[in-house]
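Please read the following walk through a protein structure with the coordinates open beside the text. The paragraphs move from strands to side chains.

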Amino acid sequence: MYKVSIPTPTVQFGGNIRVTYRFVPLLKGLTVKSIRSNIIETHTVSKPYASRSREVLTDEFDPPTWEEMDISTDDRCWYQCFRMLHLPKSTRQCLQSVATTVLQVRHSIQFLITLLNPDGHLSSVRLSLPIVLIFYPSTSASLRVLSNLATWDEEENTLPHYSDHVRDVKLVEICPGNASTHARPDSNEKPPDYSVSHGASDIPSYWDTI
């Protein structure tokens, strides 16, 4: 009997995955020869339909013997060992999991457990676990922003309606020295015409330079 598990199927991009392997040998003399793990990334496009896969991580190791493994006492006496998988940190080697109507990027861990039987022949066990790679906020500033959003007070931070100008800042308060801010709506004063040039702003004539 065997059991392979990970703490959670949602994994941080560029993080680590702790894999737990548990075994109960039902045959005397049976040993685990090797364990291989592959993280497969599959890209699927719906229009036009196309699909491809690639290996973003390969890990292979020789597990310890039964005497060297730990024994768990959960529901039965399992021989167990652990292995840490380190995900790539570059988007060139691995992408985030995506699920849209046009593009899907899926990830899974495929395991190949090779067993050495007492008579000398090899047998294997294959299984697969789906995982989801996502970007977590990696800085304290990002976590603080998310915390502020979670504690947002709707009563104090609600934006005013168009008919409510109590919180609006008047232009005369921003530019108190600008005379144009004090003009009444019914004033006949015209704004200055900046298209008319005066004095030094006039473009000199060619004949003035001769």
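What follows is an account of a predicted model, beginning with a sheet and going on to rings and charges.

A convenient place to begin is an open sheet of four strands, whose order is β1-β3-β7-β6 and whose pairing is antiparallel. At its edges stand β1 (2-5) and β6, and because each of these has a single partner strand, one side of each is left without a neighbour in the sheet. From one strand to the next the twist averages 35 degrees. Within this sheet, β3 and β7 run antiparallel and are joined by eight bridges, and Y21 is found opposite C81 in β7.

Y21 also leads into the aromatic side chains, among which the structure holds five aromatic pairs. A pair of aromatic rings is described by the distance of the centres and the angle of the planes. For Y21 and F111 the centres are 5.9 Å apart and the planes stand at 85 degrees, an edge-to-face arrangement. Since Y21 belongs to strand β3 (residues 16-23) and F111 to strand β9 (residues 103-116), this pair ties together parts that lie 90 residues apart in sequence. Are these two residues buried or exposed? Both Y21 and F111 are buried.

A second edge-to-face pair is formed by F23 and W66, with 6.1 Å from centre to centre and 70 degrees between the planes. Here, too, distant parts of the chain are linked, for F23 is in strand β3 while W66 is in the loop between β5 (50-61) and β6 (70-73), 43 residues apart. F23 has a relative accessible area of 5% and is therefore buried; W66, with a relative accessible area of 17%, is buried as well, because buried means under 20%. Ring pairs further link Y21, F61 and F111 into a cluster.

F61 appears again in the surroundings of S34, a residue of strand β4 (residues 31-45). With a relative accessibility of 10%, S34 counts as buried. If its neighbours within four places in sequence are set aside, S34 is in contact with E60, F61, D62, P63, L112, I113 and T114.

Charged side chains make up the last part of the picture, and one of them involves a ring: the charged end of R18 sits over the ring of F82, at 3.9 Å from its centre. How many salt bridges does the structure hold? There are two salt bridges. In one of them the side chains of R54 and E41 meet, with an N to O distance of 2.8 Å. As R54 lies in strand β5 and E41 in strand β4, the pair ties together parts that are 13 residues apart in sequence. The partners are set differently with respect to the surface, since R54 is partly exposed with a relative accessible area of 29%, whereas E41 is buried with a relative accessible area of 0%.

The other salt bridge joins D59 and R83, whose closest N and O atoms are 3.0 Å apart. D59 is in strand β5 and R83 in strand β7 (residues 77-86), so this pair ties together parts that are 24 residues apart in sequence. In this case D59, at 13% relative accessibility, counts as buried, while R83 is partly exposed, its relative accessible area being 28%.

Key. Residues numbered from 1 in each chain as written. Predicted model: local features only at pLDDT ≥ 70, side-chain atom pairs only at ≥ 80, totals over all residues. Heavy atoms only, no water. Phe/Tyr/Trp six-rings, centres within 6.5 Å; stacked < 30°, edge-to-face > 60°. Helix = DSSP H or I, 4+ residues; strand = E, 2+ residues; numbered from the N terminus. Buried < 20%, exposed > 50% of the residue type's maximum accessible area, 1.4 Å probe, protein only. Lys NZ or Arg CZ within 6 Å of the ring centre and 35° of its normal. Contact = heavy atoms within 4.5 Å. Salt bridge = Lys/Arg side-chain N within 4 Å of Asp/Glu carboxyl O. Pairing = 2+ DSSP bridges. Axes fitted to C-alpha atoms, helices over the stretch in contact; angles between N-to-C directions.
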